[in-house]
Amino acid sequence: MNVVTPQGEASLGARIVDDGIEPGAELLKVENVSLSFGGVKAIQDISFDVKKGEIRAIIGPNGAGKTSMLNVINGFYHPQEGTITFRGNVRTKMRPYMAASQGISRTFQNVALFTGMSTLDNIMAGRQLKMHKNFFWQMWRYGPAFNEEVEHRLEVEKIIDFLEIQSIRKTPVGQLPYGLQKRVELGRALAAEPSLLLLDEPMAGMNLEEKEDMSRFILDVNQQFGTTIALIEHDMGVVMDLADRVVVLDYGKKIADGFPSEVQASQEVIDAYLGVPH
Amino acid sequence: MSSNSAVKGGVPETFPQYLNYNAKRFGNRPAMRHKDFGIWQSWTWSQMQDEIRAYSIGLSELGLKPGEKVAIVGQNRPGLYWTFCAVQALGCVPVPVYADSVAEEMVYVLNHAEITFVVAQDQEQVDKILSMGDKLTMLRHVIYDEPRGLRDYDHTKLHSIKQVQQLGRDVIAKDGDVEWLKLVDRAKSDDLAVMLYTSGTTGKPKGVMLSYHNLVESARNANSFDNFDEHEEIIAYLPLAWVGDHVFSYAQSYLAGYCVCCPESPETADEDRREIAPSYFFAPPRVFEVMLTSILVRMEDAGKLKKKMFDYYMAHARKVGERILNGESVGLWDRLQYRIGEFLVYGPLKNRMGLTRMKVGYTAGEAIGPEIFRFYRSLGLNLKQLYGQTEASVYITAQPDGEISADTVGKPSPGVEIEIAESGEVMYRSPGVFQGYYKNDEATKETKTKDGWVHTGDAGFIDTDGHLRIIDRAKDVGKLSGGGMFAPKYIENRLKFFPNIKEAVAFGDGRDFCAVFINIDLTAVGNWAERNNISYASYQELAQHPEVYKTMKEHVEQVNRDLATEDMMAGSQISRFLVLHKELDADDGELTRTQKVRRSFIAERYGELIEALYDGSDEKYVETEVVFEDGRKGVISATIVISDASTFDQAQPMKEAAE
């Protein structure tokens, strides 16, 4: 009889990303960054930092430049001025895949999954950068590429277990409801074992229950994997509960930066959200 | 280490003794499987013995003393099943609690049972327990199975099962397990084995006390009734706190030595069942209904050829399938066609449902629709009915092979005596009869007579073949003001046999006519709406759609037509009905945790709607308070349409239909 030996709980705690930065030290530093599209100044002279292990929220009214800021961090936009320091390395120009290989993952405001592929394959795709066997090996059903795939599959299964999406493992993501697609996207971002995870409105368009689930997953990712998270979110209740520190943008400028309670009390922030006669 | 001590007298009497016995008998046979990380992980009986022994000794290191009660909260996972045995080995009593009960419900049970340790599945359940805080005065330790999200919690009173097992392993490495084995052997068959709280359609839950003798005898009888041995595999997916799961997935497994498989998550249970293909399968009628509905819905979307093949061979199966299963004589040509059908349709269908290897399947808890019952039997599946209660350690009656019908619940199980009281109530006496309700002598006296007979609370009679038939809950059977008998369950079941109708509640006791609330089935009606280009945004909107009302009216009138042909029930045809704007839900107290309708509660909650059914109005505006899954409350409001339905003359139903 073929009896598989039980494998015990996977040691999720051991997967805390080792990127050479001490917890609490600066992981990412944005200094005097400005970005403009023609005459539109999307970001003006913004500086802030993200510390290792924290949840950092970027908030602001519509058009404040939040997503642009994320795209700058991600390497998708190149700022005209200013420097970005990630894991101690200063960078000016880079491509998004370089950001990915340095340990930055992200999710998108509008879900950007491969809709025809299953949940499993989508998350597997997130491990692309960690697969090393070349095309030749991948042609064969057995051998090193196969072993490599098994290893990666285990990691992906841990993520599936973590996000409680076992029931949709083989479902094409195009058929999934929006809330679950968001979760799959988070899974794909996690698959890259990022040291910095960027979440662009992870809770947009969700109902209360889905929001609560997502909040719990974000907190768990932060605690369990020690992943540093920078997120954009509109739901103030969520931001105040989740974030360790908050930076507030308005019309491309930074108007506040600090703990949620400080930011909440700031007159400038209240004005930005409620509007004042200019 | 001397792990397999001889059991005294050779015959085990308790489950921990059976564990040690099985580790010796079936050491290398699988005892339990669990799908985790996408793979079925297995434990043999001797591996399981290791796990449970370490766990048990760890618990005693934490200070669990003999006689104390341990609550188990969660879904079907090996760790939680091990808890039963680990706790029993120490002379303690496990008390499984429904995992989906809200905090307030749980507080009552945990305090009533004087719980000192809680074993919870995951963070969600741990949070629920911790949120009760000081209300649980006797609670000392909380133990969890799944560590996710719990890393940063204060671990002075909180432990993972793994940590507890490590404590135990350290002790075993130092002192061995002799003391533990002695403790296990000391237990007697009259000791209290488990306390199961009945969800109760009325009042507070009651703790049913079952001894080892009750469970071991019932399980032994059941195993021999259906010839179960160590080769069976079953899938454990029903609530741990329900007596059925406790007997099928724990007691019977320990006695026969068969393998219990835990699904990956409740949502994947269907998929996992397909992979395991259990040889013994139990499900309440609802599960069979849902399975059939989903098949029929998918066949609607299938290609023309497939649809034709399905319709043709299903018609053939309806004609001869059940007769072949019952071993009656069937013509050669029909048999041949049935074989082809098996290859083309029945086989793939059974595979789809994960019932390919099913030797015996049972359904119980509610009446099953004759159509549904026949569907499964015509595929060659040996589906049977049984009738049981928590108070009886499940088994009261069961259908023997070859004596199956949709409207009886079978003959008395081995060792069970049955009597019908003068009031029409079914009473029984058996070795499985419970010890009493915990700390509730009054209720015990009401239910159990001095000489061991138990009131079931169900009205029924024994038919000419010696089979028991259940009509309804004895207290629910009433009279219409015209004098006719009114058995609500009977009418509701008739309605529920339509796939479009998920739940129905009938009213009529002391009234002029019978009227019903209907709950539509979102899967079936939603699919129908999609195919007919009916757009809807919510359950509420779909439920109130005029086309839905039209369909429901057809269903109601069909039921009336059927009722008109029955002497006893012709008077209780449905004159008016409405479709409820929300699904009846256990969180709102409308259903019990085992999904039975709580009639009196619903009558109170929707009093306005019932009045509207009887005062002739066409619609009614209502606001209903609902409880969300996390325990918060909200209000939904709706204007509900009330519709009339035609009733039929008892004498000439055909004539009316022809006009």
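In chain B of this predicted model, Arg33(B) has Cys261(B) of strand β11(B) as its bridge partner. That pair belongs to a wider strand pairing: β1 of chain B, residues 30-36, runs parallel to β11 of chain B, residues 259-262, and three bridges join the two.

Two helices of chain B lie against the sheet. Helix α2(B), residues 45-61, packs on the sheet and touches β1 and β2 of chain B. The direction of helix α2(B) makes about 80 degrees with that of β2(B). Helix α3(B), residues 78-89, also packs on the sheet, with β1, β2 and β11 of chain B as the strands touched. Here the angle is about 145 degrees, taken between the directions of helix α3(B) and β1(B).

The sheet itself is open and has four strands, in the order β2-β1-β11-β10 (chain B), with mixed pairing. At its edges stand β2(B) and β10(B), the latter covering residues 233-235; each has a single partner strand, so one side of each is left without a neighbour in the sheet. From one strand to the next, the twist averages 20 degrees.

The contact between the chains comes next. Chain A contributes 23 residues to the contact and chain B contributes 21 residues. On the side of chain B that touches chain A, the element that gives the most is strand β2(B), residues 39-44, with five residues. Strand β2(B) is thus named twice in this account: as an edge strand of the sheet, and as the element that gives the most to the chain B side of the contact. Sorted by class, that side has eight charged, eight polar and five nonpolar residues.

Key: Residues numbered from 1 in each chain as written. Chains lettered and ligands numbered in written order. Predicted model: local features only at pLDDT ≥ 70, side-chain atom pairs only at ≥ 80, totals over all residues. Contact = placed C-beta atoms within 7 Å. Nonpolar A, V, L, I, M, F, W, Y, C, P; charged D, E, K, R; others polar. Pairing = 2+ DSSP bridges. Axes fitted to C-alpha atoms, helices over the stretch in contact; angles between N-to-C directions.
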